[in-house]
Amino acid sequence: MEMHIQNSLPLGHLILNKQEESYSSKLHTLQKIQEIFEDFKLENNKSTPISNSLALFYSEDEEGNIPPLIEYFKKDATKDFEVSLIEISKTLSINGSFGNFVAKLNNEEDISFSQAVLFVSDDNLIRFRGIYSVADFDNPSALLETLKKNLGTFSYKEIITYKEDACQYHHRREKHCGKCADICPTFGVGANDSLMELVFSPIDCIACGACVGVCPTSSLTYEDLPKEGLEEIIELYKESKIFLCDLDSYESLVHLGFTLPQNLTPLVLPNLKMLNENDYLTMLQTSGNDLLVFNHQAPMIDFINNITQNAYQKNAILQAQTPQDIENYSQKITPFESYLYKNRYNKPHRESFAQRLQYIIKDKDFGAAKSVAPVYYGNIQIDSDKCTLCLSCVGACNVNAIFAKSDDFSLRFNPSLCTTCGYCVDSCPEKIMDLHRDGMELNSQYFKSRELAKDEPFLCVECGKPFSTKKSIDKIFNMLSVSFSKDPQKLRTLQCCPDCKVRVMFADKI
């Protein structure tokens with residue numbers, strides 16, 4: 001039935017009421033959406049052979065014997081597989097990937113296998129594709145059938161792509177992010193903390209999209225439906241009431257014979273975990289109505305509702321858990337203030353999110369919307385009297401939330417763009433910065449840059465050209481004046497611009 005539903009296109013039409021007047025127009029919309037899906041859908045471009053080598057990991061009983069359950073399963077499995085029994089306590093490591101695993105044992109033996117079954121509990125090993133826990137199956141026959149289906153050639157594609165320039169983990173001195181690796185249920189995304197580099201394993205990726213949804217800087221892209229394609233789809237729902245669900249939930253409704261209430265138009269996505277707060281707000285503002293989501297809870301939804309509770313005194317995203325909830329909530333959908341804004345996908349999504357929120361807020365003050373982990377918004381405070389404007393914080397910020405204005409020697413900060421990673425705080429040599437992750441202030445000032453600190457320019461003692469700030473030069477001069485006290489010429493270079501510094505330093509040699 002699963003393949004029948006997925007092949008019955010366009011997605012969503014099986015829960016429409018064919019007797020309603022708007023059936024043809026809704027079907028036409030779903031057909032356009034399906035065309036967009038097909039335009040972006042990737043083809044399987046990688047493959048690996050899956051042989052019949054199978055490993056069974058177990059623990060010996062108290063007498064040091066193999067439990068009978070393992071022997072029974074091995075007997076059934078040997079009809080189709082070459083089975084190796086591996087005692088888990090004698091295993092030093094398991095490396096590789098689906099189709100190409102190697103277990104290193106404490107007797108220096110290496111055992112290769114394509115798939116494995118765990119008769120022990122191991123939350124780490126179960127993250128590999130091709131390694132199964134018996135606890136996840138109702139009976140041995142169902143498990144064996146799954147193993148047999150994998151035999152032959154396994155084809156897969158690289159769903160997730162990565163831009164390291166905006167990543168707030170890549171090559172940083174300290175770990176301040178890693179949300180993608182933390183949320184990944186498999187080894188699709190991992191973090192190498194010694195190199196400070198993300199590690200991707202497309203063969204282990206289950207295309208859940210969770211890493212994309214939690215990335216605060218839009219460094220990850222879900223290539224089967226990138227954000228540009230998603231926005232194209234959302235634009236087809238202007239003046240519609242969206243019923244949003246993922247493919248699995250859609251299939252469950254079809255199996256139940258469910259028919260969607262006539263005032264709703266379905267939007268079935270491969271998954272909903274890839275959606276961030278800007279995606280949800282885009283749906284609300286483009287459709288001009290509240291949003292009904294089925295069988296999905298997410299911190300992004302809770303955060304949006306924190307905002308709409310403050311601004312409109314309602315949850316704009318309704319969350320249904322049962323078919324009856326869908327019927328009930330469909331009558332509670334109310335209009336939402338529409339805004340036809342084009343998202344900027346060459347920038348982190350928080351820039352577009354800020355633009356959309358400013359349209360809601362205008363000149364009002366709706367208080368503060370609390371952060372919902374791991375979606376953090378907040379603010380920064382500094383002791384401006386102690387700031388030397390060394391700009392270490394500016395160099396640490398890769399989303400331009402903190403920046404310097406060269407024309408007036410000021411340090412500025414836009415809290416709406418800040419991901420609250422905290423790298424600027426740890427980078428500050430003066431240790432005068434405080435970061436708060438409490439949430440977002442819903443007033444116009446929160447979305448504008450404000451001055452954190454300012455200093456007067458320091459003029460080169462040779463040519464009179466401004467080249468730095470007075471506080472920064474005074475700090476360096478005070479730190480090094482004792483060391484350079486016996487060399488007036490070298491001491492003077494501390495107060496020279498780069499052009500004059502070399503000339504002063506080698507004046508007696510010219």
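A disulfide is a pair of cysteine sulfur atoms within 2.5 Å. In this predicted model, a search of the whole structure turns up zero disulfides. Cys177 is a helpful case to look at: this residue is in no disulfide, and the nearest cysteine sulfur, belonging to Cys180, is 6.5 Å away. Cys177 is also buried, with a relative accessible area of 16%. Cys393 tells a similar story. The closest cysteine sulfur to that of Cys393 sits in Cys387, at 6.4 Å, which is too far for a bond. Cys393 counts as buried because its relative accessibility is 7%, and buried means under 20%.

A good place to continue is strand S2, which covers residues 53–58. Six of the six residues of S2 are buried, so the strand is largely enclosed by the rest of the structure. In a regular strand the side chains alternate between the two faces of the sheet. Here both faces are covered, with Ser53, Ala55 and Phe57 buried on one side and Leu54, Leu56 and Tyr58 buried on the other.

The neighbours of S2 come next. Strand S3 (residues 82–87) runs parallel to S2 and is joined to it by six bridges; within this pairing, Ser53 stands opposite Glu82. Together with helix H3 (residues 68–77), S2 and S3 make a right-handed β-α-β unit. S2 also pairs with strand S7 (residues 115–118), again in parallel, through four bridges. In S7, Leu118 is the bridge partner of Phe57.

Helix H10 offers a simple check of geometry. The helix has 14 residues, 299–312, and at 1.5 Å a residue they should span 20 Å; the end C-alpha atoms are 19 Å apart, which agrees. An α-helix has 3.6 residues a turn, so residues three or four places apart point the same way. The buried residues of H10 are Met300, Ile301, Phe303, Ile304, Asn305, Ile307, Thr308 and Ala311. Just after H10, Gln313 takes a positive phi of about 60°.

Finally, which helix holds Asn278? Asn278 lies in helix H9, made up of residues 277–287. Asn278 is buried, with a relative accessible area of 2%. Leaving aside residues up to four places away in sequence, Asn278 touches Asn343, His349, Ser352, Phe353 and Arg356.

Terms used:
Residues numbered from 1 in each chain as written. Predicted model: local features only at pLDDT ≥ 70, side-chain atom pairs only at ≥ 80, totals over all residues. Heavy atoms only, no water. Buried < 20%, exposed > 50% of the residue type's maximum accessible area, 1.4 Å probe, protein only. Helix = DSSP H or I, 4+ residues; strand = E, 2+ residues; numbered from the N terminus. Expected span 1.5 Å × (residues − 1). Pairing = 2+ DSSP bridges. Right-handed = clockwise from strand over helix to strand, strands pointing away. Contact = heavy atoms within 4.5 Å.
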